[in-house]
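This report describes a contact between two chains and then a sheet within one of them.

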Amino acid sequence: MNPDMNLDPTGDDAIDPYSPELGSIATENGDKENVTKTGTTTVGLATEEGVVIATDRRASLGGRFVSNKNVVKVDQIHPTAAMTLVGSVGGAQSFIRTLRSEASLYETRRDEPMSINALATLAGNFARGGPFFAIHPILGGVDEEGSHVYTIDPAGGVMEDDYAVTGSGMQLAYGTLEGEYNPELSTEEARELATRAVQAASERDTGSGNGLVIAEITDEGVEIEEFDDLAEAL
Amino acid sequence: MQGNQQQQAYDRGITIFSPDGRLYQVEYAREAVKRGSASVGVRTEDGVVLAADRQARSDLIERDSIEKTHKIDDHIAIASAGHVADARKLIDFARRRAQVNRLRYDEPMGVEPLTKAITDTIQDYTQTGGARPFGVSLIVGGMENGEPRLFETDPSGTPYEWSALAVGGGREDIQEYFEDNYEEGLTLEQGVGLALEGLAEPDDDGLDPDGVDLQTVDEDGVLTVGQDVIEEHLDERDLLGGDDE
């Protein structure tokens, strides 16, 4: 125990800002060749009413073999926030589980949910301090200040924007969004635009496809819907 | 003889309950707090006031070196009563914890979570072999989401929230004064007045402005109130004591 960092006589109360309070993060020293990747196109749009997130459903090995056709790549991590799985599936899943339990612990202790900025900061710290190298999620959420869309990059970079895309189909999806997004979009319009962006990527990116998942986040909560056919979502 | 030896065992061992369920070392730590000079806290509409009596045992001691109120972060301060050295360890713990919160969440530490982090640490020292309880009570005051909050920590590691409180020597008299005179909706200025009246309550001789350490915390941050302002407040209330009289 370093007495300068810690007052606990049992030596276990020092909090490292860059790692989870609960458990530790497993390192990823396995067979990197055969790691399942999401490939993926995940889109987040902020509107005045909330945040719309759309993702495809494909998991692949290096973008050349489809290893799963119905992955739900967006998950609730907080009463009014959701995160997408992008990159190594194992890394992204444990990242999401870790953030969900940290957010829950924070809320239980303080009797108020984390702000989305705090959640994004914590996610960035974990990405920076932990071994989740191969992830690039979008965090969408609503708090007292309004709607937020953040990207968290593998080195811990945290950037907020009105709309964002991550994953192997990002250039195609961004092409659809540029010039079409505006902050006054209704939820319906945002759903349509996000769907078209994922659709464009699914047509041309080998790492994206097999349907669509849409998450709608408002101050009431998170709703996630799955679609086999993109046309159903429109 | 046997009985006497057992009594000594639970008297000395901090982690040992007495047969009637008491932890004597924790109770002795509370006594240590009573031996310290008083500190008070008052919560007002706009912020909190922390004030402490810093008695000097000699005229040659530099008063500023007797620190009883401490800034923790831009929005939180702590006043202490009891063993100064024990208080300092907890003050430094609180300062680090407040910064860890900013690093981890990019937001200021709440007053309630900070108080609970401190009391959890204090509690560790009542249940760990070889440790000694902290002989200090703290008053933790600050702003949380725009609201003034005021807490007490005691040597057992229990947190309490207050509108106005005193810890340390003369606690009963001061607390009774606050109970009779505290009202909701005080301005920060009125809170400073009430804190000084409380601090002066146990002693008929009034207060020497030099012997009062006073900080306020409001939306603008932590402010150490100067001797001249304290003197004005004391003079207005006819509580001015000190060396000249």
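## Salt bridge and polar contacts

Across the interface of chain A and chain B of this predicted model, the rule finds 1 salt bridge, defined as a side-chain nitrogen of Lys or Arg within 4 Å of a carboxyl oxygen of Asp or Glu. The side chains of E102(A) and R104(B) form this bridge, at 2.7 Å from N to O. There are also 10 residue pairs in polar contact, both at pLDDT 80 or more (a pair of N or O atoms within 3.5 Å; within protein, one must be able to donate a hydrogen and the other to accept it, and residues adjacent in sequence count only if both atoms are side-chain atoms).

## Extent of the interface

Chain A contributes 27 residues to the contact and chain B 20 residues, with contact meaning heavy atoms within 4.5 Å. The two chains bury about 1,900 Å² between them, 48% of it on carbon and sulfur atoms; this is the accessible area (1.4 Å probe) lost on being put together, summed over both.

## Sheet of chain B

In chain B, 5 strands form an open antiparallel sheet in the order β3-β4-β5-β6-β7. Strands are DSSP runs of E, at least two residues, numbered from the N terminus, and two of them pair if DSSP finds at least two bridges between them. The edge strands β3 (69-73) and β7 (159-161) of chain B each pair on one side only.

Strands β4 (residues 76-82) and β5 (residues 136-144) of chain B are joined by 7 bridges. I76(B) has G142(B) as its bridge partner in β5(B).

## Basis

Residues are numbered from 1 along each chain as its sequence is written, and chains are lettered from A and ligands numbered from 1 in the order in which they are written. Local features need pLDDT of at least 70, side-chain atom pairs count only at pLDDT 80 or more, and totals for chains, interfaces and linings use all residues, while side-chain values use heavy atoms, with hydrogens and water left out.

Methods
Helices (H or I, at least four residues) and strands (E, at least two) are DSSP runs, numbered from the N terminus.
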